[in-house]
Amino acid sequence: MSDTEARLAALEKSVHRLEDEAAIQRLQMAYGYYIDYNRPEEVAGLFAEDGAVVFLSGEYVGPEGVMRLYGTWFQNLFTRGRRGPVHGLLLDHFQLQPVITVAEDRKTAKGRFRGMLAGGWHDEAMDWKPEGPPQQFWEAGIYENDYVRENGVWKIKRLNYLMQWQGDYETGWAKTTAHLQPATETYPDNPLGPDRILPKEEWRTTWPNRHPVEMSFAHPVLGEAFKVGHFTEMMVKDEYGN
């Protein structure tokens with residue numbers, strides 16, 4: 001391969017990577033907008049055929065599981081089964097800080113995002129409100145997602161949401177215990193439950209408990225070889241000039 005051909009190949013590879021990253025980011029941003037307006041069919045359409053959602057230590061699997069979470073549970077909880085927007089209901093999801101890593105073969109990818117949610121009901125809508133959530137609340141979480149390319153289109157393979165905290169707007173996160181708690185019972189025993197519960201070592205208690213969320217991306221400077229212990233060792237050696 002000539003130098004020119006090599007440079008063209010490298011440029012083509014870079015362009016494909018940027019196109020993939022843009023497509024995946026668009027996919028995740030669309031997810032946030034569809035959730036905002038309680039449109040479960042559109043949400044489910046973003047997933048691969050064997051896609052899954054991890055939520056509250058439970059895994060909702062395949063089209064039926066995804067619709068059970070976003071349709072049967074979420075839509076009935078927040079809008080009594082109606083597609084949004086609904087008068088007096090706020091449910092805004094912000095998808096932030098994307099870090100996307102596309103595999104060399106461009107068939108799969110991983111993405112880390114931060115999710116922020118502002119939710120609640122206006123006084124005019126208080127003739128009906130589900131039990132559990134406060135009237136106004138904040139929520140934040142981390143997504144560590146897997147994506148797959150199917151027939152040339154990027155789709156969500158596994159949407160892995162790890163709630164970080166919840167806060168009642170009036171009293172703040174310092175005085176709030178999360179109103180959402182980990183799943184304990186699977187479908188069909190629980191008609192709204194997940195298809196399976198995560199293994200005990202992966203089980204996630206909610207706020208004020210905190211859990212580390214392993215990062216799917218390489219360190220921007222030190223690369224894949226970066227390990228916390230190794231990095232600490234390097235810093236100690238450098239400090240003492242060894």
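In this predicted model, the buried residues of helix 1 pack against helix 2 (40-44), helix 3, strand 3, strand 4, strand 5 and strand 6. Those buried residues are Asp20, Ile24, Leu27, Gln28, Tyr31, Gly32, Ile35 and Asp36. The strands belong to an open, seven-stranded sheet with mixed pairing, and the points below take up helix 1, the sheet and the packing of helices on the sheet in turn.

**Helix 1**
- Helix 1 has 34 residues, and its first and last C-alpha atoms lie 50 Å apart, which is close to the 50 Å expected at 1.5 Å a residue.
- Asparagine 38, which follows helix 1, has a positive phi near 50 degrees.

**The sheet**
- The order of the seven strands in the open sheet is 3-4-5-6-1-2-7.
- Strand 3 (89-102) and strand 7 (196-197) are at the edges and have a single partner strand each, so one side of each is left without a neighbour in the sheet.
- Strand 7 pairs with strand 2 (residues 58-61) in the antiparallel sense over two bridges, and in strand 7 it is isoleucine 197 that serves as the bridge partner of glycine 58.

**Helices on the sheet**
- Helix 1 (residues 3-36) packs on the sheet, where it touches strand 3, strand 4 (108-121), strand 5 (136-150) and strand 6 (153-168), and its direction makes about 165 degrees with that of strand 3.
- Helix 3 (residues 62-79) also packs on the sheet, touching strand 1 (47-55), strand 2, strand 3, strand 4 and strand 6, and the direction of helix 3 makes about 50 degrees with that of strand 1.

Conventions
Residues are numbered from 1 along each chain as its sequence is written. This is a predicted model: local features need pLDDT of at least 70, side-chain atom pairs count only at pLDDT 80 or more; totals for chains, interfaces and linings use all residues. Side-chain values use heavy atoms; hydrogens and water are left out. Two strands pair if DSSP finds at least two bridges between them. Helices (H or I, at least four residues) and strands (E, at least two) are DSSP runs, numbered from the N terminus. Contact means heavy atoms within 4.5 Å. Axes are lines fitted to C-alpha atoms, for helices over the stretch in contact, and angles run from 0 to 180 degrees between N-to-C directions. The expected span of a helix is 1.5 Å times one less than its number of residues. Buried means under 20% relative accessible area, exposed over 50%, partly exposed in between (1.4 Å probe, protein chains only).
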